[in-house]
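Let's take a walk through this structure together. Have a look at it below, and then we'll go through it piece by piece.

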Amino acid sequence: MTTPWVSDPLLEQLAYYRARAAEYDEWWLRQGRYDRGAALNAEWFAEADQVRAALAAFHPAGRVLEFACGTGLWSERLLASAEHLTCLDGSPEMLALNQARLRSPNVDYIQANLFEWQPVARYDAVFFGFWLSHVPPERFAAFWDLVAACLAPGGRVFFVDSRHEPSSTAVDHRLPEREATTLRRRLNDGREFQIYKLFYEPAELTRRLNDLGWRFEARQTEHYFLYGSGSRADSLKPS
Ligand SMILES: C[S@@+](CC[C@H](N)C(=O)[O-])C[C@H]1O[C@@H](n2cnc3c(N)ncnc32)[C@H](O)[C@@H]1O
């Protein structure tokens, strides 16, 4: 089953996540179509713990902004050290699930399209999980300009995303070769959508971000995750 009514690829991508909201966590929890058996699931969870430890060491404090927050799998981690968290997502369904998970007076929500939105405040840290891979290649530089525009002086960014690994997705998803920029995703009810999905190598991503004026370092876990942190090279910490 396909979704012929959606003609803009970025709208189709958002439509996919809106429709997937209620079943989204199955991926992270390795349930249903995402269950790859005890050994691979254990590897997944161990590597996820590694990224969580890196995020805790990064210590997102002060005013924190999360792009594409989804159901809140990372928001609750951010809330552990943030003074105030702003969660942004294009999907009202995702935002409702996030709100139900966090139930915190220290969080506010923005429903917006990240390809159009501009910040009206500045943040000490910006975080995005599994979002960079959904930014079309021709929007890469503009996206990082947006991140820069969200940061207060001395502000920092942390991200996590997927490595090109077939067992990181559902058993009925086909992972195209790593150079492809789009792929098809299926929901539990069989509906299919085309989305952007780009896979970066840590060294290449680090180099590209350094070229764009970031002081940045990307790393990877053994199989599943790419992550990294940095700041603008020209951004001075407030004294
Ligand atoms: C792969 S999910 C990541 C969710 C969450 N960050 C996590 O790691 O669990 C991508 C998220 O991007 C949101 N999204 C998709 N298109 C968007 C857009 N144009 N603007 C803002 N959010 C968008 C989806 O609703 C979804 O919550």
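Which residues have the most contacts inside the largest nonpolar core? Keep in mind that this is a predicted model. That core has 44 residues, and V64, V126, F127 and F159 are the ones with the most contacts within it. Take F127: setting aside its neighbours within four places in sequence, F127 is in contact with P60, V64, E66, W74, L78, F158 and F159. There's also a second core, separate from that one, with seven residues, including Y16, Y17, M94 and F193.

Y17 turns up again when we get to the ligand. It's one of the closest of the 19 residues around the ligand, along with A68, G70, G90 and G129. Helix α1, which covers residues 9–20, gives the most to this shell, with four residues. As for character, the shell has 12 nonpolar residues, six polar ones and one charged one.

Next, follow the chain to strands β6 (residues 182–186) and β7 (residues 192–196), which run antiparallel and are joined by five bridges. Across this pairing, R186 sits opposite E192 in β7. The two strands, β6 and β7, make a hairpin with five residues between them, and G190 in the turn has a positive phi of about 95°.

Our last stop is R215, in strand β8 (residues 214–220). Is R215 buried or exposed? It's partly exposed, because 15 other C-beta atoms lie within 10 Å. Leaving out neighbours within four places in sequence, R215 is in contact with G230, S231 and A233. R156 is 59 residues away from R215 along the chain, and their C-alpha atoms are separated by 9.8 Å.

Methods:
Residues are numbered from 1 along each chain as its sequence is written. This is a predicted model: local features need pLDDT of at least 70, side-chain atom pairs count only at pLDDT 80 or more; totals for chains, interfaces and linings use all residues. A nonpolar core is a set of buried Ala, Val, Leu, Ile, Met, Phe, Trp, Tyr and Cys residues joined through C-beta atoms within 7 Å. A residue is buried if 20 or more other C-beta atoms lie within 10 Å of its own, exposed if 12 or fewer, and partly exposed in between; C-beta atoms are placed from the backbone. Two residues are in contact if their C-beta atoms, placed from the backbone, lie within 7 Å. A residue is near a molecule or strand if its C-beta atom, placed from the backbone, lies within 6 Å of it. Ala, Val, Leu, Ile, Met, Phe, Trp, Tyr, Cys and Pro count as nonpolar, Asp, Glu, Lys and Arg as charged, and the others, Gly among them, as polar. Two strands pair if DSSP finds at least two bridges between them.
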